[in-house]
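Have the model open beside you while you read. We'll take a quick tour, from the overall build down to single residues.

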Amino acid sequence: MMMLKTYYCFFLFICLLLGSCSSNKLSTYRKSRALMDTFVTVTVVADSQEAADKAIEWAFEVIGKYGNLINFFSDTSELSAINRSAGIHEVRVSPETLDTIDRAVFVSEKSGGAFDPTIGPEIKLWDFIKKVKPSDLEIRSNLPLVNYKNIVIDKGKSTVFLKKKNMLLDLGGIAKGYAADLAVQALKQKGIASGLVAIAGDIKAFGLKPDNKPWVVGIKNPRQKSSDDEIIAKVSLSDKAISTSGDYERYFIMDGQRFHHLLVPATGQPANSCQSVSVIADKGVMTDGFDNAIFILGPEKGLELAREMGLDAMIIDAEGTIHTTPGLQGKLIIERNH
Amino acid sequence: MKETIRNTTLADRLLFLFLVSLSVAGIFLARDALSQGSDVIIEVDGKPAYTLPLNVSRLLSVDGPYGPTVVEIEGGKVRVKETHCRNQICVREGWVSRGVIVCLPNKLVIMVGGGNKRQEQGIDAITG
């Protein structure tokens with residue numbers, strides 16, 4: 001009889017244990033969508049597919065709406081209205097557009113112009129798909145149009161004005177990080193306590209995974225040998241954003257030389273001292289802006305800027321050597337060297 | 001054998017039942033946790049449209065705003081063979097055995113084995 005009671009208690013204990021584990025169990029849910037002219041993946045930790053879907057769809061909606069405001073190629077975007085009105089009149093914009101431009105100017109100032117959102121007139125000269133390299137004369141003639149100091153922001157009136165006609169504001173170097181911040185905010189509004197938003201390579205993680213571990217982000221090898229994603233390093237993140245800029249994203253090789261989209265605002269030519277730069281900070285808008293700036297500045301000045309701004313950075317220089325800020329020591333796992 | 005069964009108590013039988021249930025549950029749990037094998041998942045406008053095995057050669061035409069896009073699977077790899085959008089970025093991607101091919105104008109996303117590889121590496125997302 002005693003034995004029976006023991007067995008019964010043991011059985012009951014196991015049932016209760018399993019029962020307690022299965023109710024309200026948190027799981028990871030993931031969905032992807034083509035938004036902002038790129039591939040967006042939102043991952044959330046939730047207790048049901050329904051709750052996850054609701055939150056993810058809301059995040060997609062927020063990203064989509066923001067993307068429409070700052071779309072460089074759409075005639076109906078606020079950004080296009082600013083560009084069309086360059087040198088003519090100011091344009092009233094939404095708080096999101098104003099804030100993005102304000103932060104872009106902040107990154108420009110802090111980086112001494114290494115990042116410049118008015119790089120548009122230079123970028124449009126290149127076609128990285130058709131391998132079109134503009135002449136030096138064309139590049140030089142557009143340089144006077146590139147200067148972030150000619151952006152006039154009136155926060156009181158919520159307006160933006162580009163001082164010179166034909167100036168072109170291009171927020172491609174900062175907007176995806178800003179969108180990741182907005183999406184995380186949207187997920188939190190829907191009661192999600194943990195998740196990860198990846199807008200192409202601009203990623204923001206918050207909270208912990210169901211196993212109480214931080215999110216792990218792989219950093220792409222800038223010289224991978226196949227189309228498959230090859231990872232050069234891994235980093236654990238929680239309540240942090242990470243962005244990477246690389247010379248392998250939009251590029252072509254001509255006469256043995258690599259021409260890519262990360263142009264030096266002062267010269268209009270591609271920067272050539274880095275292969276890739278990854279930046280980690282609290283906000284996606286900062287990681288997205290500063291990874292460009294550090295890439296342009298190169299390893300030495302770039303690390304100096306990262307330290308000054310309190311950012312963590314991993315820089316792979318033109319020779320493939322990896323440089324990191326002291327803050328990344330112990331957090332970064334280098335997968336392979338090359 | 002019959003003698004052994006006859007000698008079992010109710011508790012023994014309950015325990016046996018519990019262990020059998022646990023084993024059956026284990027099969028389902030393991031199926032969820034382990035890799036499902038390599039499939040090609042094609043999404044159109046954010047919605048799953050096709051799931052195809054990666055080990056069966058096939059040509060598939062997927063309709064989009066810019067007309068049909070021809071997806072080819074062969075030798076454990078997938079590629080966009082033909083599409084009618086302007087930039088042809090997805091075609092230039094070439095053959096992919098793990099990862100994602102995106103054709104933005106056609107709102108087409110082709111995912112292959114990427115999730116499994118990431119899981120193996122313990123990676124939740126990739127930057128770069």
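Two strands count as paired here if DSSP finds at least two bridges between them. Strand E11 (residues 251-254) and strand E12 (residues 257-260) of chain A pass that test, as 4 bridges join them and they run antiparallel. Keep in mind that this is a predicted model.

**Chain A as a whole**

- Chain A has 9 helices and 16 strands.
- Its C-alpha atoms fill a box of roughly 100 × 50 × 40 Å along the principal axes.
- Of the 338 residues in chain A, 45% are buried.
- Take the contacts in chain A with a separation of 6 or more: 63% of them are between residues 24 or more positions apart.

**Two hairpins to look for**

- Back to E11(A) and E12(A): they form a hairpin, with 2 residues between them.
- One of the turn residues, Asp255(A), has a positive phi of about 50°.
- Within this hairpin, Phe252(A) has Phe259(A) in E12(A) as its bridge partner.
- Chain B has a hairpin too, formed by E3(B) and E4(B), again with 2 residues between the strands.
- Strand E3 (residues 58-64) and strand E4 (residues 67-74) of chain B run antiparallel and are joined by 7 bridges.
- If you want a pair to find on screen, try Arg58(B), which stands opposite Ile73(B) in E4(B).

**Helix H2 of chain A**

- Helix H2 (residues 49-69) of chain A has 21 residues, so at 1.5 Å a residue it should span 30 Å. Its end C-alpha atoms are 30 Å apart, which agrees.
- Which residues of H2(A) are buried? They are Ala52(A), Ala55(A), Ile56(A), Ala59(A), Val62(A), Ile63(A), Tyr66(A) and Gly67(A).
- These buried residues cover an arc of only 135° around the axis, so they sit on the same side of H2(A).
- What do the buried residues of H2(A) pack against? Their partners in chain A are E1, E2, helix H4 (95-110), helix H7 (175-189) and E6.

**Helix H7 of chain A**

- H7(A) gets the same length check: its 15 residues should span 21 Å at 1.5 Å a residue, and the end C-alpha atoms are indeed 21 Å apart.
- This helix is mostly covered, with 12 of its 15 residues buried.
- Among the buried ones are Lys176(A) and Asp181(A), along with Tyr178(A), Leu182(A) and Ala183(A).
- Just after H7(A) comes Gly191(A), with a positive phi of about 85°.

**The largest nonpolar core**

- The largest nonpolar core has 115 residues, and the ones that touch the most other members are Ile63(A), Ala183(A), Ile294(A) and Ile110(B).
- H7(A) gives the most to this core, with 9 residues.
- Leaving out residues up to four places away in sequence, Ala183(A) touches Val42(A), Ala59(A), Val62(A), Ile63(A) and Val197(A).

**Where the two chains meet**

- How many residues of chain A are in contact with chain B? There are 35, and they touch 30 residues of chain B.
- Several elements of chain A give two or more residues to this side, including helix H1 (2-22), strand E1 (27-35), strand E2 (38-46) and strand E8 (215-220).
- By class, the side of chain A that touches chain B has 18 nonpolar, 11 polar and 6 charged residues.
- Strand pairing crosses between the chains as well: E8(A) and strand E8 (residues 125-127) of chain B pair in the parallel sense over 3 bridges.
- In that pairing, Gly218(A) stands opposite Ile126(B) in E8(B).

**Two loop residues with positive phi**

- Lys131(A) has a phi near 60°, a positive value in a residue other than glycine.
- You'll find Lys131(A) in the loop between helix H5 (120-123) and helix H6 (136-142) of chain A.
- Is Lys131(A) buried or exposed? It has 12 other C-beta atoms within 10 Å, so Lys131(A) is exposed.
- Ala200(A) also isn't glycine and has a positive phi, near 55°.
- Ala200(A) lies in the loop between E6 and strand E7 (202-206) of chain A.
- With 20 C-beta neighbours inside 10 Å, Ala200(A) counts as buried.

How values were computed. Residues are numbered from 1 along each chain as its sequence is written. Chains are lettered from A and ligands numbered from 1 in the order in which they are written. This is a predicted model: local features need pLDDT of at least 70, side-chain atom pairs count only at pLDDT 80 or more; totals for chains, interfaces and linings use all residues. Two residues are in contact if their C-beta atoms, placed from the backbone, lie within 7 Å. Ala, Val, Leu, Ile, Met, Phe, Trp, Tyr, Cys and Pro count as nonpolar, Asp, Glu, Lys and Arg as charged, and the others, Gly among them, as polar. The expected span of a helix is 1.5 Å times one less than its number of residues. The arc is that of the directions from the helix axis to the C-beta atoms. A nonpolar core is a set of buried Ala, Val, Leu, Ile, Met, Phe, Trp, Tyr and Cys residues joined through C-beta atoms within 7 Å.
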